Amino acid sequence: MTPPVVHSLREQIREHIVEGIVSGRWKPGERIVERRIATELEVSQTPVREALRELETLRLIESAPNKGVRVRNLTAADLEESYPVRAGLEQIAAELAAPLLGEDCSALAPHVAALYEADRLADGEAQVRHTVGFHREMVRAAGNAVLLHTWEGLGIEVFTALSIRWLGTVQKSYAEEHQALVDAFLAHDPQIGALVKAHVLGCAPRA
């Protein structure tokens, strides 16, 4: 069993805002009022401001003088832009992690098991959570702090959620695709980097 993930207050607020955008509570072009969110969540405005600043860095929202913060009008092209960068990073990560994961994939296995259940239930939220969890553990296994920090900075979870919920993907089974990667690691497949890169590019949203 994987340990529970403890999120900081800023991360919880960020997830609340992202869920509101994904669900349509805040529509493209609509203003997000910092004070209103702070009141609703019973927190100070400081962590709300930090969460909004992070989402602006990810280009999910935009701010303008005297106009406040608004949801960006994102297109499939906007969502797709991060995938080639992510694919390159994960190709490097897979190659660096191959010696470790070739002997022990226990960090990846719980996410694959959870994805089989999520696929069976058509649970989109769980598919996002464990897809991202799988890839995060793979990048972490590379043992390169700069690589992990850069990968985290792409806002993988946010854009994966938006891609799946807004546009869908070409994936038929999240679990089977990730199990295939585990099998490739355990088989010491010399093409593991290319396989991971192709997998990530295949996850890119389609308009």
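**Close-up views of a predicted model**

**View 1. The open sheet and the helix packed on it.** In this predicted model, three strands form an open sheet in the order β1-β3-β2, with antiparallel pairing. Because β1 (31-32) and β2 (61-64) stand at the edges, each with a single partner strand, one side of each has no neighbour in the sheet. The antiparallel pairing of β2 with β3 (residues 68-71) runs over 4 bridges, and Ile61 has Val71 in β3 as its bridge partner. Helix α3 (residues 45-57) packs on this sheet and touches β1, β2 and β3, its direction making about 105° with that of β2.

**View 2. The two faces of helix α8.** Leu147, Leu148 and Trp151 are buried in α8 (residues 145-152); they cover an arc of only 95° around the axis, which puts them on the same side of the helix. Ala145, Val146 and His149, on the other side of α8, are exposed. At the N-terminal end, Asn144 caps α8 through a side-chain oxygen that lies 3.1 Å from the backbone nitrogen of Val146.

**View 3. The nonpolar cores.** The largest nonpolar core has 36 residues, and among those with the most contacts inside it are Leu101, Met138, Val139 and Phe185. At least two residues of this core come from each of α5 (82-101), α6 (109-121), α7 (124-141), α8, α9 (156-167), α10 (174-186) and α11 (192-202), with the largest share, 7 residues, supplied by α5. Residues up to four places away in sequence aside, Val139 touches Glu90, Ala93, Leu147, Leu148 and Trp151. A second, separate core of 23 residues includes Ile32, Leu58, Val158 and Leu162.

Definitions and conventions. Residues are numbered from 1 along each chain as its sequence is written. This is a predicted model: local features need pLDDT of at least 70, side-chain atom pairs count only at pLDDT 80 or more; totals for chains, interfaces and linings use all residues. Side-chain values use heavy atoms; hydrogens and water are left out. Buried means under 20% relative accessible area, exposed over 50%, partly exposed in between (1.4 Å probe, protein chains only). The arc is that of the directions from the helix axis to the C-beta atoms. A polar contact is a pair of N or O atoms within 3.5 Å; within protein, one must be able to donate a hydrogen and the other to accept it, and residues adjacent in sequence count only if both atoms are side-chain atoms. A nonpolar core is a set of buried Ala, Val, Leu, Ile, Met, Phe, Trp, Tyr and Cys residues joined through side-chain atoms within 4.5 Å. Contact means heavy atoms within 4.5 Å. Two strands pair if DSSP finds at least two bridges between them. Axes are lines fitted to C-alpha atoms, for helices over the stretch in contact, and angles run from 0 to 180 degrees between N-to-C directions.
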